[in-house]
Amino acid sequence: MVLPSVAYWRAKRNYYRMVGSTCRSCGSSFYPPVRICPRCGSRDLEATEMPQGGRIISFTTTNEVGASFRRYRPLTFGLVELDNGAVVLGQLVDFTEEELVPGARVRTVIRKLREDGTDGIIYYGFKFAPER
Ligand SMILES: [Zn+2]
């Protein structure tokens, strides 16, 4: 018998891994996972854990954010190419102005995404920090 708490912790551990998909035909990787390869059209893909390192392709900083994110302004979002070639859009955190350049190395970190004011639930997700 599996206790509910064990099942919860197993699910949680899985949740915090960045699992995407890799095409068995052409070798391309994608995050979030896809069912059909956008590069070659194959449906033969497998779930794979994404590497934690990558580099910034481009980025933008904005003050125009929804009400629940206002206290985090300004927010910087970047297109990041992971070390397996997967291109991911994500928030860039902890960068100094000098570090924030195309080509800069990043690492995947898990950070608070938002806090639900009504039920107190805190949501976590992936962001990208400088690889120092
Ligand atoms: Zn493919």
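This text walks through a predicted model, starting at the zinc site and moving on to the surface patch and the salt bridges.

The zinc ion is held by four cysteine sulfurs: the SG atoms of Cys 23, Cys 26, Cys 37 and Cys 40 coordinate the zinc ion at 2.3 to 2.4 Å. The angles between the 4 donor atoms run from 104 to 116°, which makes the arrangement tetrahedral. For that label, all angles must lie between 85 and 135 degrees. Along the sequence, the donor residues follow the spacing C-x2-C-x10-C-x2-C. Cys 23 and Cys 37 link distant parts of the chain, being 14 residues apart. Cys 23 belongs to strand S1, residues 19-23, while Cys 37 sits in the loop between strand S2 (29-30) and strand S3 (45-49).

How accessible are these cysteines? Cys 23 and Cys 37 are both buried. For Cys 23 the relative accessible area is 3%, and the label follows because buried means under 20%. Cys 40 has a relative accessibility of 41%, so Cys 40 counts as partly exposed. No disulfide accompanies the zinc site, since a search of the whole structure finds 0 of them.

The surface also carries a nonpolar patch, formed by Ile 57, Leu 79, Val 87 and Leu 89. Together these residues have about 330 Å² of accessible area. Val 87, one of the patch residues, is found in strand S6, which covers residues 87-92. With a relative accessible area of 41%, Val 87 is partly exposed.

Turning to charged pairs, how many salt bridges does a search of the whole structure find? The search finds 7. One of them joins Glu 46 to Arg 24, with the closest N and O atoms 3.5 Å apart. This pair links distant parts of the chain: Glu 46 is in strand S3 and Arg 24 is in the loop between S1 and S2, 22 residues apart. Glu 46 has 32% relative accessibility and therefore counts as partly exposed.

A second pair is Asp 83 with Arg 105, where the closest N and O atoms are 2.9 Å apart. Asp 83 lies in the loop between strand S5 (75-82) and S6, and Arg 105 lies in strand S7 (residues 105-115), so the salt bridge ties together parts that are 22 residues apart in sequence. Asp 83 is partly exposed at 48% relative accessibility, and Arg 105 is partly exposed at 35%.

Arg 105 also forms a salt bridge with Glu 131, whose closest N and O atoms are 3.2 Å apart. Here too distant parts of the chain are linked: Glu 131 is in the segment after strand S8 (122-130), Arg 105 is in strand S7, and the two are 26 residues apart. Glu 131 counts as partly exposed, at 40% relative accessibility. Elsewhere, salt bridges that share partners join Arg 24, Asp 44 and Glu 46 into one network.

Technical notes: Residues numbered from 1 in each chain as written. Predicted model: local features only at pLDDT ≥ 70, side-chain atom pairs only at ≥ 80, totals over all residues. Heavy atoms only, no water. Donors = N, O, S within 2.8 Å, 3.2 Å for Na, K, Ca; no water. Tetrahedral: all angles 85-135°; square planar, octahedral: opposite > 155°, others 65-115°. Helix = DSSP H or I, 4+ residues; strand = E, 2+ residues; numbered from the N terminus. Buried < 20%, exposed > 50% of the residue type's maximum accessible area, 1.4 Å probe, protein only. Disulfide = S-S within 2.5 Å. Patch = residues over 30% accessible without salt bridge, like charges linked within 9 Å, V, L, I, M, F, W, Y side chains within 5 Å. Areas by Shrake-Rupley, 256 points an atom, 1.4 Å probe, with all protein chains shown as cover. Salt bridge = Lys/Arg side-chain N within 4 Å of Asp/Glu carboxyl O.
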